[in-house]
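Biologist: Got a minute to go through this one with me? I'd like to start where the chains meet.

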Amino acid sequence: MKLITAVIKPHRLEDVKTALQDFGINGLTVTEASGYGRQRGHTEVYRGAEYTVDLVPKVRIEVLVEDDAADDVIEVLVKAARTGKIGDGKVWSVPVDTAVRVRTGERGPDAL
Amino acid sequence: MPDGFSAGDTAFVLISAALVMLMTPGLAFFYGGMVRVKSVLNMLVMSFIALAIVSVLWVLYGYTLSFGPDAGAGLIGNLDFLGMRGIGMNDLAGTIPVTAFSAFQLMFAVITPALISGAIADRAKFGAWALFVALWVTIVYFPVAHWVFMTDSGKGGWLVDRIGVIDFAGGTAVHINAGMAGLALCLVLGKRIGFKKDPMRPHSLPLVMLGSGLLWFGWFGFNAGSALAANGLAGMAFMNTQIATAAAMLGWLAYEKIKHGAFTSLGAASGAVAGLVAITPACGSVSMLGAILIGLIAGAACAAAISLKYKLGFDDSLDVVGVHAIGGVIGSLLIGFLATGHVGQTAKGLFYGGGFGQLGKQAIGVGVVAAYSFVISWLLGQAINKTIGFRVSEDVEVAGIDQAEHAESAYDFSAVGASLARALGTPAHSTPTHSTAPAEQAAEKAPEKTVEKTAEKKTEVDA
């Protein structure tokens, strides 16, 4: 199994979710995140005091898939998340030893 | 009711008193939105506590010190009305009952110390602040209110009744007074940790907008109500209040757009308050066009003045000096130019052929109140700081003053956060205070230890 993690622009979440559902992914986890890469933040002014806000809001998507589906899922995800502008984010995958469905105790790919 | 009583005037002043009361919670939100999440409750309750403390002191001795018959030289009222003795239910002050007049003036005494709190956001011990409020209204506000508001045909307060300073609703007694006290206190307490270094963004601008809206609404009671009658002067003061506030918002936003490149919501709210402050002393003596001028000048000048704290290095956290002291000075001095002589008062300003006379009187009023407030507030702040301590510890300030001083947090939007909180006891059985908590913990721990020990012994036996 593989854990695919994607950090993307928040407004792409709906499209990514739909694309993954259409592909047949049954579940994923989404977290609100903030960070920066090459896209830098912006400046805010409060009564003349200027603040540079470096961290940009992002969403972090985590999805567990079987090994042979990983490349396709990454491709679907990247395609749905892309706007072509700076700050589109990153996607990566890591191998996963085991997974358990808490309700039934099923293990491995059956738990996905 | 006796002759001279006016039901219309009384109804108007009572409603105005209620409007002015609402300004203190309004101010609490205005300030509360501007601080960070970890200190918003402290900011709110610093204003709220003034409602409690000052109301009680007002009845005990505040009213008589401010509005009792002059004790001599126009400096303070005598003790004729100590504990409100001798004030009959049907006694009149002008055309309204003394009770109504006293209720109206009480609300001014409440909001003035509350205004100071913005200068020392995030870092004042609550007990020390409460003590300061009680002492400050006693030695500073009550006497100054007597100087500025107590008229008794030449035998009242020295500034208003003997020199002839015009302060219709409290530009000196309320705003310069609170602003200079704020300057003194932020110097006594010192800068917040991270001042000019850490981001200290307002945590809720919608709360700030709500607060400024409530202040604006209440201010009609503050200014128009100061006519103490439902008459043309009240109407004029009402219009001037609206117009100057509008113009000041435009002035602040224009300055901000030119200087910083954006029209901010905080600028709109702050500009409105700056205009309300500046028109306060002047709303009973200038024309509506004069009110526009006062508003524009005050809005732009206060927007510029708030950057002084960064240049000079004093942490007037929420700009009490920049908005209230500067706005109060501008409004009070501009009367010397713009008083028409036929609105509420007969004195004419420079632009209406009155020469420099009134301007000089205004300058005396401004200088006297500013100096008195600054010096006494600084001494009072030092005295409290040297005895019980005025500032919270560094750890408390960094962690957030709400938890340490009030044992509460303002917001809980997180489901996880709620489940992490562990109740120490239910209100029905015991209150979760600091004194009972360790005892309960000890009681819980004791049986656990015995269980562990017996278990250990058993394994030993088994082995």
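Biologist: So how many residues does the contact take from chain A and from chain B?

Modeller: Six residues from chain A and eleven residues from chain B, where a contact means C-beta atoms, placed from the backbone, within 7 Å. Bear in mind that this is a predicted model: local features need pLDDT of at least 70 and side-chain atom pairs count only at 80 or more, while totals for chains, interfaces and linings use all residues. Residues are numbered from 1 along each chain as its sequence is written, and chains are lettered from A and ligands numbered from 1 in the order in which they are written.

Biologist: Which element gives the largest share of the side of chain A that touches chain B?

Modeller: Strand E3 of chain A, residues 42-46, with three residues. Helices and strands here are DSSP runs numbered from the N terminus: H or I with at least four residues, E with at least two.

Biologist: And how does that side of chain A split by class?

Modeller: Three nonpolar, one polar and two charged. Nonpolar is Ala, Val, Leu, Ile, Met, Phe, Trp, Tyr, Cys and Pro, charged is Asp, Glu, Lys and Arg, and the others, Gly among them, are polar.

Biologist: Where does Arg47(A) lie?

Modeller: In the loop between E3 and strand E4 (49-53) of chain A. Phi of Arg47(A) is near 45°, positive in a residue other than glycine. Most residues other than glycine have a negative phi.

Biologist: Is Arg47(A) buried or exposed?

Modeller: Buried, with 22 other C-beta atoms within 10 Å. The cut-offs on that 10 Å count of other C-beta atoms, placed from the backbone, are 20 or more for buried, 12 or fewer for exposed, and partly exposed in between.

Biologist: Switching to chain B, what does its secondary structure come to?

Modeller: 17 helices and two strands. Of its 463 residues, 52% count as buried.

Biologist: Which angle do H1(B) and H3(B) pack at?

Modeller: About 15°, with the axes 9 Å apart, for H1 (residues 7-34) and H3 (residues 98-116) of chain B. Axes are lines fitted to C-alpha atoms, for helices over the stretch in contact, and angles run from 0 to 180 degrees between N-to-C directions. H1(B) and H3(B) are therefore roughly parallel; the bins are under 35 degrees for roughly parallel, over 145 for roughly antiparallel, 65 to 115 for roughly perpendicular, and oblique for the rest.

Biologist: What classes of residue are in the contact of H1(B) with H3(B)?

Modeller: 17 nonpolar, three polar and no charged residues.

Biologist: Now H9(B) and H10(B), how far apart are their axes?

Modeller: 8 Å, at an angle of about 130°, for H9 (residues 265-282) and H10 (residues 288-305) of chain B. That makes H9(B) oblique to H10(B). Among the residues making the contact are Gly271(B) and Gly275(B) of H9(B), and Gly295(B) and Gly299(B) of H10(B). By class, the contact has nine nonpolar, five polar and no charged residues.

Biologist: Last one: how many residues does H13(B) have?

Modeller: 31, residues 357-387, reaching 45 Å from first C-alpha to last, close to the 45 Å expected; the expected span is 1.5 Å times one less than the number of residues. Its buried residues, including Gly365(B), Phe374(B) and Ile384(B), pack against H4 (126-149), H5 (158-163), H6 (171-189) and H12 (320-338) of chain B. After H13(B) comes Gly389(B), with a positive phi near 85°.

Key:
Two residues are in contact if their C-beta atoms, placed from the backbone, lie within 7 Å.
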